[in-house]
Amino acid sequence: LPRRRRREPTSMINRIIEFSAENRLIVFILVAAGILGGWWSMMNVPLDALPDLSDTQVIVYSRWDRSPDIIEDQVTYPIVTSLLGAPGVRTVRGFSDFGYSYVYIIFEEGTDIYWARSRTLEYLSGVLQRLPQGVKTELGPDATGLGWVYQYALVDTSGRHSLAELRSLQDWYLRYHLQAVPGVSEVAPLGGFVRQYQVVVDPNRLRAYNLSITQVVNAVRTGNEDVGGRLVEFSGAEYMVRGRGYAQSTGDIEKIVLRAEGGVPVRIGDVGKVVLGPDMRRGIAELDGTGEVVSGIVVMRQDENALKVIERVKEKLREIEPGLPAGVKVEGIYDRSELILASIDNLRSTLLEEMIIVSLIIFLFLWHMPSAIIPTITIPAAILISFIPMYAMGITANIMSLGGIAIAVGAMVDAAIVVVEQTHKKLEEWDRGGRQGSYHRVVVDAVKEVGGPSFFALLVIAVSFLPILALEAQEGRLFKPLAYTKNFAMIVAAVLAITLDPAMRLLFTHARNFDFRPRWLAR
């Protein structure tokens, strides 16, 4: 039996070129749909300055007023040992400090952050019951090492507000508004003083009343709370019985009873005094010499669009700033959006320069404006369409990923120039030979001669970047976006070289004199 002839890949490419040349309207509609989808993807792809190099990790934070060695033995060690067997955990690191314990649980590459947090809570629930009384444990924010996207400062230009008042304004007003912004994981305060009530006792008076510090502490703890009673009904109306003990001023704390002897109560005010502090006015930070400041750090959730989150935060700050006290204003002191926009502007200017230079070179050596317009249309179309798989894979638009597209433009330009030059050489020969046959056939045959080599040349360049996708850890997270976007752009450019290019050649090329270059340019 005769063996079936194996179809060459170039024959398939030639059929695609023939189809594109004969069905230009279909090609233009499909490319226009791809451009619209690419534009939408470009406007919605997450934007950031740098790729996120941090591991998938969950932070367990504990507080306990003890020395580091006690915290290490009774808090950090039990938490670390309980999380070693959690699924997907690669490393568990514990750090103990005075009054604090930090446990970092690092998961395998590609682990979903919220799956990791739920597994951490599941394994953490068994050890919390065994921790000493008074230990307060919580999970860190669902953010990464690049979550710090914006920082602002509360500036008092009037000089009438203390650092404690500014810190209270940050903790009880600004923080709640900003945490409600979509995409914000945490608003961390920095600077200032947390307002507190300080009980300053006189040791001599304590000795005179035969009291101890422990009794004072217990009295403050138990005396600063409301007590619920029951409902009493009179004449069809219900009255709620309650004990009002919530302290709202220093005088309320001074009235707390320590002990009653012979019907005469001994109160905290008898053995000392209660002051509101710290109320200091110096020593934390200054911004441009305008006065003391308290700042807040806005931390973004993982996989959020940094630029949009920053814009939402700025919008919220503009909304709530009129409600601040007189003389207090909010000033931005760190804004990552400036670096993000600068990166995008750099890519935009680079692409614009490349397209202008390519168009000028083609026009100069071919002396044909329509041929110079074709690469100017093809290159932006390939760039826009390459954003579709980029958005589908969740790749962030940053310096590395956008740099991959900028690198790919060079090879895309080479293919466009080869096709343009080949088409014009064939048309010049057809013109000098008496114009035998249709010029449409000349254009299609010219594109066929270089369409296959140009298509596979672009794919070979794309394949050369595939080993980068095998990188792991931080190296992979740094260079994979560049390899992905470059390959996307090269593959899209290869497809457009055998579909859009033939259709546009026939649209912009007409039967005219093609030996039109000046003699000095021909020489």
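Helix α4 spans residues 113-128 in this predicted model. At 1.5 Å a residue, its 16 residues should cover 22 Å, and the end C-alpha atoms do lie 22 Å apart, so expectation and model agree. The N-terminal end of α4 is capped by Asp112. A side-chain oxygen of Asp112 sits 3.1 Å from the backbone nitrogen of Tyr114. Buried positions in α4 are Ile113, Ala116, Arg117, Thr120, Leu124 and Val127. The buried residues of this helix pack against two kinds of element: the strands β1 (57-63), β3 (100-107) and β4 (136-139), and the helix α3 (68-83).

Confidence was considered next. The protein chain has an average pLDDT of 81. A score of at least 70 is reached by 91% of the residues. Over residues 279-291, the pLDDT falls below 50. That stretch still has 30 contacts in the model beyond near neighbours in sequence. Where pLDDT is low, predicted coordinates should not be read in detail.

Strand β3, one of the packing partners of α4, contains Ser101. Ser101 has a relative accessibility of 1% and therefore counts as buried. Its side chain makes a polar contact of 2.7 Å with the side chain of Thr76. Thr76 is also among the residues that Ser101 touches beyond four places in sequence. The others in that set are Val60, Tyr61, Ser62, Ile71, Val75 and Phe95. Gly88 is 13 residues from Ser101 along the chain, and the two C-alpha atoms are separated by 23 Å.

Two further residues were examined within helices. Ser20 belongs to helix α1 (residues 9-22). With 1% relative accessibility, Ser20 counts as buried, because the cut-off is under 20%. The side chain of Ser20 reaches the backbone oxygen of Ile498 at 3.5 Å. Not counting residues up to four places away in sequence, Ser20 touches Val27, Ile498, Thr499 and Ala503. Asp171 is found in helix α5 (residues 163-179). Its relative accessibility is 12%, so Asp171 also counts as buried. Beyond four places in sequence, Asp171 touches Tyr176 and Pro189.

Pockets and cavities were then analysed. The largest pocket has a volume of about 890 Å³. Its lining comprises 34 residues. Nearest the pocket centre lie Asp52, Asp303, Gly394, Thr396 and Arg477. Helix α16 (residues 473-508) gives the most to this lining, contributing six residues.

Cavities of 30 Å³ or more number two in the structure. The largest cavity has a volume of about 90 Å³. Its lining consists of Pro375, Thr378, Ile379, Met412, Ala415, Ala416, Val419, Leu458, Ala493, Ala497 and Asp501. Two or more of these lining residues come from each of α12 (369-385), α14 (399-432) and α16. Helix α14 gives the most, with four residues. Helix α16 thus takes part in both linings: that of the largest pocket and that of the largest cavity.

Terms used
Residues numbered from 1 in each chain as written. Predicted model: local features only at pLDDT ≥ 70, side-chain atom pairs only at ≥ 80, totals over all residues. Heavy atoms only, no water. pLDDT = per-residue confidence, 0-100. Contact = heavy atoms within 4.5 Å. Expected span 1.5 Å × (residues − 1). Buried < 20%, exposed > 50% of the residue type's maximum accessible area, 1.4 Å probe, protein only. Polar contact = N/O pair within 3.5 Å; in protein donor to acceptor, adjacent residues only side chain to side chain. 1 Å grid on protein atoms, 1.4 Å probe; cavity = no way out; pocket = protein on both sides within 12 Å on 5 of 7 lines; lining within 4 Å. Points joined across faces, edges and corners; volume = space filled by probe spheres on them.
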